[in-house]
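Reader: I have a structure in front of me and would like to learn how to read it. Can we go through it feature by feature?

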Amino acid sequence: MTPDERHRRTQRLVVDGLAALLLLVVVAVSGPGGIGDPATGPFASVARVLAALLLGAGITVRRELPAVGLLLAWASTLVHMAGGLDASVLQLGLLLVLYGAARHGSRLVLLLSGVSVVLGALLAIVYLLGIGSWVVSDLGFQGPATAILQLLITTAVLAVVLAVPWLLGLLGRTVTQAKATRLRQAEAEREAERSQQIADLSAERTALARDVHDIVGHSLAVIIAQAESVRFLHEREPGAVLAAVDTIAGTARRSLADVRRVLERTTDLETAEHGASLALDDLDRLIDDVAAARPALVRGEHGPRRALPPEIAAVAYRVTQELLTNALKHGDRSGELRLDRYWTAEALVVVVRNAVVGDAAAGADAEGEPAPGPGGQGVPGMRSRLAEVGGALEIELVEGTMTARASIPLPITTEEAA
């Protein structure tokens, strides 16, 4: 229990204790007995004091220990009856105990306090009739029917008097539980929102790492290929050296601009604008850069081109970029590199074929896919991108030739739907 909880508990006990003390003072001031003829004798006096103390203790603990409070109230009532005492102001304390039992007690205490209302009313009317209490002294016994009717009315009044505080306690209990439920629901919603934010941040970080990997990996592969070619061109083809240097510089500048766009991508609007900037012209320029680094690149395009939505254009660009990067990094420079794009009504299929060197072929896994290096994200990144738009990636290695086939679904146009 925290210090604040102990402090609140002490406050409640003090307040309820003062309420019990006030009731006892009122009882003491009102006289030794009830409103009617009080019971006399030493036993009645002892019963009167003991019943008052028991009920006062029940009132004191009615919120912190509702079950004990209800038990003490019943003990006080039985002692009161054993002493033959008449109804008095003291019995008002029972109403406080019933309210506390219904308001703060467990389900079992709530049930027992509800039973106490009915049982207490019946027991009270029988007892009061037995001692000739002032409560039933005005019952007219002119006839059996009238007496029974008045008796039923008196019993009903007693039951209502006992039931009102119990019902008020039940109402307060319901309101508190509803408030607690709303608080738990609000906390659950906040927790779900926090979890979603964490998931979004994780997804954004993964997407950021994937984009940077694709951009930097492709650019470095092109730059390395061009730089290696300079060693063989500087003597016999000086002009080609300048072209290679221009390609290296242009590739580096575009790579830097792409990385900056990725790092500045913080909103959905910027993401959409970034995706829209990757159009077919950008894809053609990407392939031209690779062709400058690998003059043996053979390009093929089959079927009529179609305009691509921004998200599809971005996936097509990044996947083609990564396929060509892998071909430059792992392919045999002396072999052929072929890129084919197949445009159909349902999909854009990008196929890259290239001969692989012995080490790359030896490093392929059982399904023919190149084994990823430490921290590699190329193939998993492509599969993730394609899965986001419903596409797929197939890679196979047959007799030293690696074939990668990426299928990117295309939306159905209005004309095709018609």
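Reader: How many helices and strands does the secondary structure of the protein come to?

Author: Keep in mind that this is a predicted model. Its secondary structure comes to 13 helices and 5 strands. Buried residues make up 38% of the 418 residues.

Reader: What share of the accessible surface belongs to carbon and sulfur atoms?

Author: That share is 65%, out of an accessible surface of about 23,200 Å².

Reader: Among contacts with a separation of 6 or more, what percentage comes from residues 24 or more positions apart?

Author: Such residues account for 73% of those contacts.

Reader: Next, the core. Which residues touch the most other members of the largest nonpolar core?

Author: A nonpolar core here is a set of buried residues of certain types, joined through side-chain atoms within 4.5 Å. The largest one has 35 residues, and Leu308, Leu323, Leu348, Val352 and Leu393 touch the most other members. At least two residues of this core come from each of H9 (280-293), H10 (310-330), S2 (337-343), S3 (347-355), H12 (378-388), S4 (392-398) and S5 (401-409). H10 supplies the largest share, 10 residues. Another core, of 15 residues, lies apart from this one, and Leu23, Ala47, Leu55 and Leu90 are among its members.

Reader: Which residues does Leu348 touch, not counting those up to four places away in sequence?

Author: Leu348 touches Leu308, Ala316, Arg341, Tyr342, Trp343, Ala406, Ser407, Ile408 and Leu410.

Reader: And Val349, is that residue buried or exposed?

Author: Val349 is found in strand S3. Its relative accessible area is 17%, and the cut-off for buried is under 20%, so Val349 counts as buried. Leaving aside neighbours within four places in sequence, Val349 is in contact with Asp340, Arg341, Tyr342, Arg405, Ala406 and Ser407. The C-alpha atoms of Val349 and Pro409 are separated by 8.5 Å, although these residues are 60 residues apart along the chain.

Reader: Is Gln321 in helix H10 buried or exposed?

Author: Gln321 has a relative accessible area of 2%, so this residue is buried. From Gln321 to Leu286 the C-alpha distance is 7.2 Å, across 35 residues in sequence.

Reader: How do I read one helix by its sides? Which residues of H12 are buried?

Author: Gly378, Val379, Gly381, Met382, Arg385 and Leu386 are buried in H12. They lie on the same side of H12, because the arc they cover around the axis is only 160 degrees. Ala387 and Glu388, on the other side of H12, are exposed. Just after H12 comes Gly390, with a positive phi of about 85 degrees.

Reader: Where does Glu399 lie, and what should I make of a positive phi there?

Author: Most residues other than glycine have a negative phi. Glu399 is not glycine, yet its phi is positive, near 50 degrees. Its place is the loop between S4 and S5. With 82% relative accessibility, Glu399 counts as exposed.

Reader: How are two packed helices described?

Author: Two values are used: the angle between their axes and the distance between the axes. Helix H4 (residues 92-104) and helix H5 (residues 107-131) pack at an angle of about 145 degrees, and their axes are 8 Å apart. The crossing in which H4 passes H5 is left-handed. On the H4 side, Leu98, Ala101 and Ala102 make the contact, and on the H5 side Val109, Leu110, Ser113, Ser116 and Val117 do.

Reader: Ser113 is in helix H5. Which residues is Ser113 in contact with, leaving aside neighbours within four places in sequence?

Author: Those residues are Leu70, Leu98, Ala101, Ala102 and Trp166. Ser113 has a relative accessible area of 0%, so this serine is buried. Between Ser113 and Gly100 there are 9.5 Å in space, C-alpha to C-alpha, and the two are 13 residues apart in sequence.

Definitions and conventions
Residues are numbered from 1 along each chain as its sequence is written. This is a predicted model: local features need pLDDT of at least 70, side-chain atom pairs count only at pLDDT 80 or more; totals for chains, interfaces and linings use all residues. Side-chain values use heavy atoms; hydrogens and water are left out. Buried means under 20% relative accessible area, exposed over 50%, partly exposed in between (1.4 Å probe, protein chains only). Helices (H or I, at least four residues) and strands (E, at least two) are DSSP runs, numbered from the N terminus. Contact means heavy atoms within 4.5 Å. Accessible areas come from the Shrake-Rupley method with a 1.4 Å probe; for residues, only the protein chains shown count as cover. The arc is that of the directions from the helix axis to the C-beta atoms. Axes are lines fitted to C-alpha atoms, for helices over the stretch in contact, and angles run from 0 to 180 degrees between N-to-C directions. A crossing is left-handed if the near helix is turned anticlockwise from the far one by less than a right angle, and right-handed if clockwise.
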